[in-house]
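Here's a quick tour of a protein chain for anyone new to reading structures. Have a look at the picture first, then work through the points below.

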Amino acid sequence: LTRMYGPLTALSNVHVDVMTALVSFDRVFEVLDLKPLIDDRPDARALPPARQAPAVEFDHVRFRYPGADEISLASLESIARGDTSPGREVLHDVHFTAEPGQMVALVGPSGAGKSTITHLVSRMYDATGGAVRVGGTDVRDVTLESLRSTVGVVSQDAHLFHDTIGENMRYAAPGATDEEILAALEAAHVGDLIAAMPDGLDTVVGDRGYRLSGGEKQRLAIARLLLKAPSVVVLDEATAHLDSESEAAVQRALQTALAGRTSLVIAHRLSTVREADQILVIDGGRIVERGRHEELLLEGGLYAELYRTQFARQGETAPSPRTDEPATM
Ligand code: ATP
């Protein structure tokens with residue numbers, strides 16, 4: 001590791017600089033092309049366009065993060081976060097199917113493996129055992145470009161470029177017209193806000209521009225997803241507390257975004273776990289319980305405990321205080 005310290009530090013700085021410039025982590029990969037571990041196979045073909053949302057299948061999946069000799073920007077980031085053992089198996093025999101159009105919620109303690117599961121769908125990494133299939137096709141057999149246009153990813157933090165709303169939206173769909181963008185914003189329940197802005201779609205957002213609240217940023221991210229119109233959605237639900245009005249608007253936007261799509265959602269909200277077609281409870285890299293909300297509550301196991309500690313309060317208490325102060329982006 002000592003030998004690698006110089007290059008690693010240099011790369012960390014690249015990461016920090018780019019993040020400061022409001023570019024999402026996915027974009028860092030794209031711009032710097034730092035993905036030596038994942039590439040198209042020579043015989044990769046395009047994922048065939050599906051008439052309906054495809055199933056997403058994890059077939060006895062095992063996964064270990066790449067070791068230090070195969071260092072990637074992502075593992076570098078995790079080392080900076082204190083994960084000291086790349087190379088250890090973190091998913092063991094994960095087996096499930098999200099049927100076409102289903103919403104599958106992933107819940108579990110921190111470090112259980114939820115994010116890792118979602119990374120394998122968009123091929124941030126490849127499974128080290130078993131297979132991940134979208135629409136029956138192993139994701140390793142298809143071009144990354146076709147996979148990434150089929151699978152839309154929404155991370156917890158909705159990163160926006162320091163640019164106009166219109167350009168931020170076009171990042172997801174380069175050829176989109178103003179009409180298409182406005183329709184997506186409307187469907188994500190953020191249309192009125194944009195209409196009320198002095199320059200509409202030409203309003204510049206970011207620290208030197210118009211500041212958006214946490215809930216507004218989340219809805220913009222959802223609008224971006226709607227514009228891209230993927231048939232599979234991977235979503236890490238934001239944990240930030242929103243006032244009840246923002247929360248309700250985000251939920252409505254999500255319902256629109258997930259309807260008719262197959263989705264894997266790292267769930268932090270009571271309304272999401274209640275609506276999920278299937279909840280997978282992940283612990284120590286394994287699925288330890290699965291079922292719907294009511295069934296799992298009756299089981300009285302880890303889900304019931306998570307429900308008591310994480311979710312139940314959201315149903316009982318008054319709306320949480322407004323903490324989505326206008327954010328610097
Ligand atoms: P959280 O709820 O805190 O986000 P999680 O359930 O999403 O947690 P993961 O982020 O998938 O959990 O992590 C699963 C395991 O993999 C953890 O032990 C974590 O330390 C490890 N891990 C995560 N990312 C990397 C990485 N890039 N390199 C090495 N190990 C990693």
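Before anything else, keep in mind that this is a predicted model. Let's start with one residue: D93 is partly exposed, because 15 other C-beta atoms lie within 10 Å, and that falls between the cut-offs of 12 or fewer for exposed and 20 or more for buried. D93 sits in strand β2, and its phi is positive, about 55°, although D93 is not a glycine. From there we can zoom out to the chain and its two sheets.

**The chain as a whole**

- The chain has 329 residues, and 34% of them are buried.
- Its secondary structure adds up to 13 helices and 10 strands.
- Take the contacts between residues at least 6 apart in sequence: 78% of these join residues at least 24 apart.

**The four-stranded sheet**

- Strands of a sheet pair through backbone hydrogen bonds, and they can do that either parallel or antiparallel.
- In what order do the four strands of the open sheet come? Reading across, you get β2-β1-β4-β5, with antiparallel pairing.
- The edge strands here are β2 (89-98) and β5 (137-138), and each of them pairs on one side only.
- Strand β1 (residues 56-64) pairs with β2 over six bridges, in the antiparallel sense.
- To find that pairing on screen, look for R64, whose bridge partner in β2 is E89.
- Five bridges join β1 to strand β4 (residues 129-134), and these two also run antiparallel.
- V56 is a handy marker for this pair, with V134 as its bridge partner in β4.
- β4 is then linked to β5 by two bridges, again in the antiparallel sense.
- V134 turns up here too, standing opposite T137 in β5.

**Residues with a positive phi**

- Most residues other than glycine have a negative phi, so a positive one is worth a second look.
- D93, which we met at the start, has a positive phi of about 55°.
- H60 is another case: its phi is near 45°, and H60 is not a glycine either.
- H60 is found in strand β1.
- Is H60 buried or exposed? H60 counts as exposed, because 12 other C-beta atoms lie within 10 Å and the cut-off for exposed is 12 or fewer.
- G135 has a positive phi as well, near 60°, in the hairpin of β4 and β5, where two residues lie between the strands.

**The six-stranded sheet**

- The other sheet to look at is an open one of six strands, in the order β6-β7-β8-β3-β9-β10, and its pairing is mixed.
- β6 and β10 (286-291) stand at the edges with a single partner strand each, so one side of each has no neighbour in the sheet.
- From one strand to the next, the twist averages 20°.
- Strand β3 (residues 103-107) and strand β8 (residues 262-266) run parallel and are joined by four bridges.
- Within this pair, M103 stands opposite S263 in β8.
- Helix α9 packs on the sheet, where it touches β6 and β7 (232-236), and its direction makes about 175° with that of β6.

**V154 in strand β6**

- V154 has its place in strand β6 (residues 151-154).
- V154 counts as buried because it has 21 C-beta neighbours inside 10 Å, and the cut-off is 20 or more.
- Which residues does V154 touch, leaving out those up to four places away in sequence? They are A221, I222, L225, L235 and D236.
- V154 and Y210 are 56 residues apart in sequence, and their C-alpha atoms are 22 Å apart in space.

**Helices α7 and α9**

- Helix α7 (residues 178-187) packs with helix α9 (residues 214-228) at an angle of about 130°, and their axes are 8 Å apart.
- That makes α7 and α9 oblique to each other.
- Their crossing is right-handed.
- On the α7 side the residues are E180, I181, A184, L185 and A187, and they meet A223, L226 and L227 in α9.
- Sorted by class, this contact of α7 with α9 has seven nonpolar residues, no polar ones and one charged.

Definitions and conventions
Residues numbered from 1 in each chain as written. Predicted model: local features only at pLDDT ≥ 70, side-chain atom pairs only at ≥ 80, totals over all residues. Pairing = 2+ DSSP bridges. Contact = placed C-beta atoms within 7 Å. Axes fitted to C-alpha atoms, helices over the stretch in contact; angles between N-to-C directions. Parallel < 35°, antiparallel > 145°, perpendicular 65-115°, else oblique. Left-handed = near helix turned anticlockwise from the far one by under 90°. Nonpolar A, V, L, I, M, F, W, Y, C, P; charged D, E, K, R; others polar.
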